[in-house]
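User: I have a structure open here and want to go through some of its strands. Can you take me through them?

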Amino acid sequence: MAALWGRAEATLTKGLLLAVFFVGLVAQFAKPVGDALEGKTYIGGALLSIVGYVLYAEVLRLNAARDTEREEMRQLHEAVSRLSGEIQELTARLGPQAGDGTTMDLLIEECAQAVLRGGETHLSGMCFTGETFVDPLRRVLEDLPPDPSRSVSVRILVPDFTRPTGVPGLVRNADGKLVDAPGFRRHLSGKIAGYAHDLRTTRGRMLNKNQGTLSVEFRAVHMSPFLKLYAIGNDVVYEGIYDTLEVRPDEYGASVPAPRPGNDDGQLLDLIGRGSLLTRWSRYDGEPAGGLVRRRCDFFDTLWDAAKRLEPEPAPSGSGA
């Protein structure tokens, strides 16, 4: 009825206004008609009322249309916001996809999800000293809920700092060439021993809290620590590089004269990997991701078999468990 009245109202208004127009036009030229309309103020007022009504009705329609448009825009914004939230939630639930650039924090988070699921979990890492991987992983393991059926195996492969290396090393002033930095190597070996000790200590804590069993093994291979490689079972691989070089005074030994103004003897060339971007690959994402995961895992296993076992050493004094 409202729609029918809206259409009828427009037609009747237009017809009435046209009739008024023609009557006024005829009255202008036909004297009897003009005399008949002369002094009819009520008719004029009625016509003005009609015009006012038409204008008022049009303003109401415009306001209603504007309000409707505003409501539609509000609903659209709400729908977009809701959809964006659902997409973000889904993305977070799915986790990083194969080939995505990611960070160390997301690697630790995925490791935490793997051990939280329980059962048997194998974690592997090719590290510099283990600082950015072992320490966060240790905190994850210590916060696990009780689950006596849980079994976690951790393998850490590090450079063999008992043998001379070029990088990290010392930059000679005479020719700018790199030489071994034995003092710094001893410092790095001590850090690795401390991280290994802390992670091994976690085994007893997990048993005491009924969190499951933990096996830990560190091995060392003679290599420069350029590559970061982490594996969760044979399913997911994170890889990256130590992409920053830092030159600073050698504070770890007296193998060369102490630095003097204008002399760069004893400058230590070190690799920095904190904050480096990692790339995630998963065998569940088809090829070529699956093939790359297999090659990286084979690469790690080959080096692992060739590496020597890092015997447990007493933790440096003052190190926390």
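User: Is strand E8 mostly covered or not, and how many of its residues are buried?
Analyst: Strand E8, residues 236-241, is mostly covered, with five of its six residues buried. Buried means under 20% relative accessible area, exposed over 50%, and partly exposed in between, with a 1.4 Å probe and protein chains only. Strands (E, at least two residues) and helices (H or I, at least four) are DSSP runs, numbered from the N terminus.

User: What should I know about the model itself?
Analyst: This is a predicted model, where local features need pLDDT of at least 70, side-chain atom pairs count only at pLDDT 80 or more, and totals for chains, interfaces and linings use all residues. Residues are numbered from 1 along each chain as its sequence is written, and side-chain values use heavy atoms, with hydrogens and water left out.

User: How many bridges join E7 to E8?
Analyst: Six bridges join E7 (residues 227-232) to E8, and the two run antiparallel. Two strands pair if DSSP finds at least two bridges between them. Leucine 229 is opposite glutamate 239 in E8.

User: And what's in the turn between E7 and E8?
Analyst: Three residues lie between E7 and E8 in this hairpin, and glycine 233 in the turn has a positive phi of about 60°.

User: Which residue in E11 is the bridge partner of tyrosine 238?
Analyst: That is arginine 280. E8 and E11 (residues 278-282) pair antiparallel over four bridges.

User: New topic: what order do the strands have in the open sheet of four?
Analyst: The order is E5-E4-E10-E9, with antiparallel pairing. E5 (178-179) and E9 (244-249) are at the edges with a single partner strand each, so one side of each has no neighbour in the sheet.
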